[in-house]
Amino acid sequence: MIVATWNVNSLKVRLPQLLDWLAVRCPDVVCLQETKLDAPVFPVQAIEAAGYRVAYSGQKTYNGVALLSREELTDVVCGNPVFPDPQKRLIAATVRGLRIVCAYVPNGQAVGSDKYAYKLEWLAALQRWIGDLLRANPCLILAGDFNIAPDDRDVHDPAAWAGQILCSEPERSAFQQLLRLGLQDSFRLFEQPAKSYSWWDYRMLGFQKNQGLRIDHVLLSDALAARCTVAAIDRDVRKLARPSDHAPVVAEFDAG
DNA sequence: ATGGTAGCCGCGCTA
């Protein structure tokens, strides 16, 4: 079973790339972030025509998340039940007995800003919810754009980014606390190429110079991590014309 | 050189 996460930065613009990538990659489940589309214009038919069921939580202009699955999606929940939030950043569903949570963690803008405080509160509430979910669902996946580079090896220039947004100690601590609930970073279960990143700033030729950060993650509960066989970043997608600034991140495991 | 690029029912904001 292949599970992927991709911040598409506008599903309207990226729909053709998404459909192409689905056809080539054949993932079983896909978590999308920054769809930036509200219900009336969400491309349900195009996604279903590609062979996927879809559940989404959308808003105009900002945020928006969706779950795609080749098999039936049940028990769809939008948002964190213990953290009411008008921003559409979370959607969860069950596929083949796996509970899957798609997350778009707030960016936080700058350390010390109001948006940074919101990010840390949002993450604390996510921990509470995921803890509850793990107790009820041993097979759980938490995937999405975390807007956190967990470690210096996930940062192209750790000295320049030290203490900055996406890399600050409170953010990294929040990430580690999620892992301590019983999740594992699938990407780090395997040997990986040095300088592996999932996001590159559009500006300053960030991708061409591989000035990136690894901020998109597929976290697997311990039971699933034990069955994980492959984890990778589909970096080539970032080379396309008019790309998202994020590449898809993929994990494969024995469905059991 | 405190920049730059992309997306959005935009006229600045978010990333």
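Let's start with helices H3 and H5, which run roughly parallel to each other, because the angle between them, about 10°, falls under the 35 degrees that sets the limit for that label. This is a predicted model, so keep that in mind throughout. H3 covers residues 114–136, and H5 covers residues 169–180. Their axes sit 10 Å apart.

Which residues of H3 and H5 meet? From H3, we have Tyr116, Lys119, Leu120, Leu123, Leu126, Gln127 and Ile130. From H5, the partners are Pro170, Glu171, Ala174, Gln177 and Leu178. By class, that contact has eight nonpolar residues, two polar and two charged.

Next, serine 168. Where is it? It lies in the loop between helix H4, residues 158–161, and H5. Is serine 168 buried or exposed? Its relative accessibility is 3%, so it counts as buried; the cut-off is under 20%.

Now look at the serine 168 side chain. It makes a polar contact with the side chain of tyrosine 116, at 2.8 Å. It makes another with the side chain of glutamate 171, at 2.5 Å. You have met both partners already: Tyr116 is on the H3 side of the helix contact, and Glu171 is on the H5 side.

What else does serine 168 touch? Leaving out residues up to four places away in sequence, the list is Val111, Tyr116 and Gly163. Take valine 111. In sequence, serine 168 and valine 111 are 57 residues apart. In space, their C-alpha atoms are 7.6 Å apart.

On to the DNA. There are 16 residues around DNA strand B. Which come nearest? Ser10, Arg14, Thr61, Arg203 and Met204. By class, the surface near the strand has seven charged residues, five nonpolar and four polar.

What part of the strand faces the protein? Consider the atoms of strand B within 4 Å of the protein. Of these, 64% belong to sugar or phosphate, and the rest belong to bases.

Three side chains deserve a look at the phosphates. Arginine 14 places a side-chain N or O atom 3.1 Å from a phosphate oxygen of strand B. Arginine 242 has a polar side-chain atom 3.3 Å from a phosphate oxygen. For lysine 115, the distance from a side-chain N or O atom to a phosphate oxygen is 3.4 Å. Arg14 is also among the nearest residues I listed a moment ago.

One last link. Lysine 115, with its phosphate oxygen at 3.4 Å, falls within the H3 range, 114–136. H3 is the helix that packs with H5, where we began.

How values were computed
Residues are numbered from 1 along each chain as its sequence is written. Chains are lettered from A and ligands numbered from 1 in the order in which they are written. This is a predicted model: local features need pLDDT of at least 70, side-chain atom pairs count only at pLDDT 80 or more; totals for chains, interfaces and linings use all residues. Side-chain values use heavy atoms; hydrogens and water are left out. A residue is near a molecule or strand if one of its heavy atoms lies within 4 Å of it. A polar contact is a pair of N or O atoms within 3.5 Å; within protein, one must be able to donate a hydrogen and the other to accept it, and residues adjacent in sequence count only if both atoms are side-chain atoms. Ala, Val, Leu, Ile, Met, Phe, Trp, Tyr, Cys and Pro count as nonpolar, Asp, Glu, Lys and Arg as charged, and the others, Gly among them, as polar. Axes are lines fitted to C-alpha atoms, for helices over the stretch in contact, and angles run from 0 to 180 degrees between N-to-C directions. Helices (H or I, at least four residues) and strands (E, at least two) are DSSP runs, numbered from the N terminus. Angles under 35 degrees count as roughly parallel, over 145 as roughly antiparallel, 65 to 115 as roughly perpendicular and the rest as oblique. Contact means heavy atoms within 4.5 Å. Buried means under 20% relative accessible area, exposed over 50%, partly exposed in between (1.4 Å probe, protein chains only).
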